Amino acid sequence: MWPYIFSGFRRRVEDPEEFRATLGEHLEEFRTRVLRVLGVFVVAATIGWFIEMPLYKLLNETARAGLPSTLDYKEPFNTITQPFLLQLKLAAYIGLAMSLPYAVYELWGFVSPGLKPSERRPVKFLAPFSASLFFVGCYLGWLSIPAAFGWFAGFFESFPGTSLYQEPGSLVFLVVKIVLSFGIGFQLPVVTFLLAKLGLITPNMIAQYWRQAVVTIFFLAAAITPTGDPFTMLIMALPLTILFFGSLMVVKLTTKQELRDPALDSLD
């Protein structure tokens with residue numbers, strides 16, 4: 001199976017004009033790559049079926065750590081099939097997370113032959129930076145979970161004698177959403193850099209409208225944060241604001257360098 005999966009490695013054509021294929025050949029290649037991704041997903045989901053319970057326990061205990069000990073909290077199943085469906089859903093989520101990097105690789109392998117060297121160069125530079133920002137964002141999201149859940153649980157003190165009953169997996173999937181929202185949110189510097197390199201935004205433009213940019217960042221942080229609490233929003237918005245202006249400084253420096261040496265555009 002593995003030779004089939006990795007048979008997509010092939011010599012990169014430096015000039016996309018040299019790589020001419022018919023529509024049928026493109027569709028056949030696309031179908032082959034999709035089948036590889038599906039095969040990797042099935043394998044990853046099968047592995048996820050066997051490792052999901054320790055992971056579920058870790059996420060559930062992390063989420064419940066923010067709940068007060070006096071709160072009557074239970075996770076009842078409503079039907080006999082729910083435990084199996086929950087385990088199947090968890091395995092699918094794990095399989096999706098494990099196979100996503102390979103899916104990105106296959107997508108790049110499909111698109112890159114049609115790009116010129118000057119067009120591939122920024123993507124090669126941004127790919128490791130984007131992955132690093134994603135993991136940093138996920139880690140910050142993970143650190144914010146106990147405080148965020150504790151903030152919400154604090155409102156139960158206004159309603160003494162009440163209980164909290166949720167479907168099993170509700171807290172776990174909320175944790176996953178928080179972590180992923182932070183990881184996705186931390187892609188803002190990458191998007192900003194690409195827009196600036198395409199000429200859609202400029203450092204001078206941001207310098208003129210920086211207040212609106214900061215307000216937009218805080219609005220986006222509030223929109224993509226699943227919990228919506230101000231604590232979690234600030235944990236996401238403040239680093240994003242710093243990264244946003246940092247990425248613009250990098251664009252400004254690289255733009256000056258290109259103006260000083262136009263020959264850089266022809267290098268690869």
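Leaving out neighbours within four places in sequence, glutamine 187 is in contact with Ser130, Leu133 and Phe134. The model described here is predicted. This briefing covers the surroundings of glutamine 187, the packing of helices H2 and H3, the salt bridges, and the contacts of methionine 233.

**Glutamine 187 and helix H6**

- Glutamine 187 sits in the loop that lies between helix H5 (170–185) and helix H6 (188–197).
- The relative accessibility of glutamine 187 is 17%, so the residue counts as buried, the limit being under 20%.
- Its side chain makes a polar contact of 2.3 Å with the side chain of serine 130; Ser130 is also one of the residues listed above as contacts of glutamine 187.
- In helix H6, the buried residues are Leu188, Pro189, Val190, Thr192, Phe193 and Ala196.
- Glycine 199, just after H6, has a positive phi of about 85°.

**Packing of H2 against H3**

- Helix H2 spans residues 23–64 and helix H3 spans residues 82–111; the two pack at an angle of about 140°, and their axes are 5 Å apart.
- H2 and H3 cross in a right-handed sense.
- The contact of H2 with H3 is made up of 23 nonpolar, six polar and five charged residues.

**Salt bridges**

- Five salt bridges are found in a search of the whole structure.
- One of them pairs glutamate 28 with arginine 31, with 2.8 Å between the closest N and O atoms.
- Glutamate 28 and arginine 31 are three residues apart in helix H2, and therefore about one helical turn separates them.
- Glutamate 28 counts as partly exposed because its relative accessibility is 40%; arginine 31 is likewise partly exposed, with a relative accessible area of 44%.
- Glutamate 106 forms a salt bridge with arginine 36, and the closest N and O atoms of this pair are 3.6 Å apart.
- This pair links distant parts of the chain, with glutamate 106 in helix H3 and arginine 36 in helix H2, 70 residues apart.
- Glutamate 106 counts as buried because its relative accessibility is 2%, and arginine 36 is buried with a relative accessible area of 8%.
- Aspartate 72 is bridged to lysine 74, with the closest N and O atoms 2.8 Å apart.
- Aspartate 72, at 27% relative accessibility, counts as partly exposed; lysine 74 is partly exposed with a relative accessible area of 42%.
- Glu29, Arg33, Arg36 and Glu106 are joined into one network by salt bridges that share partners.

**Methionine 233 in helix H9**

- Methionine 233 belongs to helix H9, which covers residues 230–260.
- Its relative accessible area is 19%, so methionine 233 is buried, given the limit of under 20%.
- Not counting residues up to four places away in sequence, methionine 233 touches Phe218, Ala221, Ala222 and Thr225.
- Alanine 221, one of these contacts, lies twelve residues from methionine 233 along the chain, and the C-alpha atoms of the two residues are 5.6 Å apart.

Technical notes:
Residues are numbered from 1 along each chain as its sequence is written. This is a predicted model: local features need pLDDT of at least 70, side-chain atom pairs count only at pLDDT 80 or more; totals for chains, interfaces and linings use all residues. Side-chain values use heavy atoms; hydrogens and water are left out. Axes are lines fitted to C-alpha atoms, for helices over the stretch in contact, and angles run from 0 to 180 degrees between N-to-C directions. Helices (H or I, at least four residues) and strands (E, at least two) are DSSP runs, numbered from the N terminus. A crossing is left-handed if the near helix is turned anticlockwise from the far one by less than a right angle, and right-handed if clockwise. Ala, Val, Leu, Ile, Met, Phe, Trp, Tyr, Cys and Pro count as nonpolar, Asp, Glu, Lys and Arg as charged, and the others, Gly among them, as polar. Buried means under 20% relative accessible area, exposed over 50%, partly exposed in between (1.4 Å probe, protein chains only). A polar contact is a pair of N or O atoms within 3.5 Å; within protein, one must be able to donate a hydrogen and the other to accept it, and residues adjacent in sequence count only if both atoms are side-chain atoms. Contact means heavy atoms within 4.5 Å. A salt bridge is a side-chain nitrogen of Lys or Arg within 4 Å of a carboxyl oxygen of Asp or Glu.
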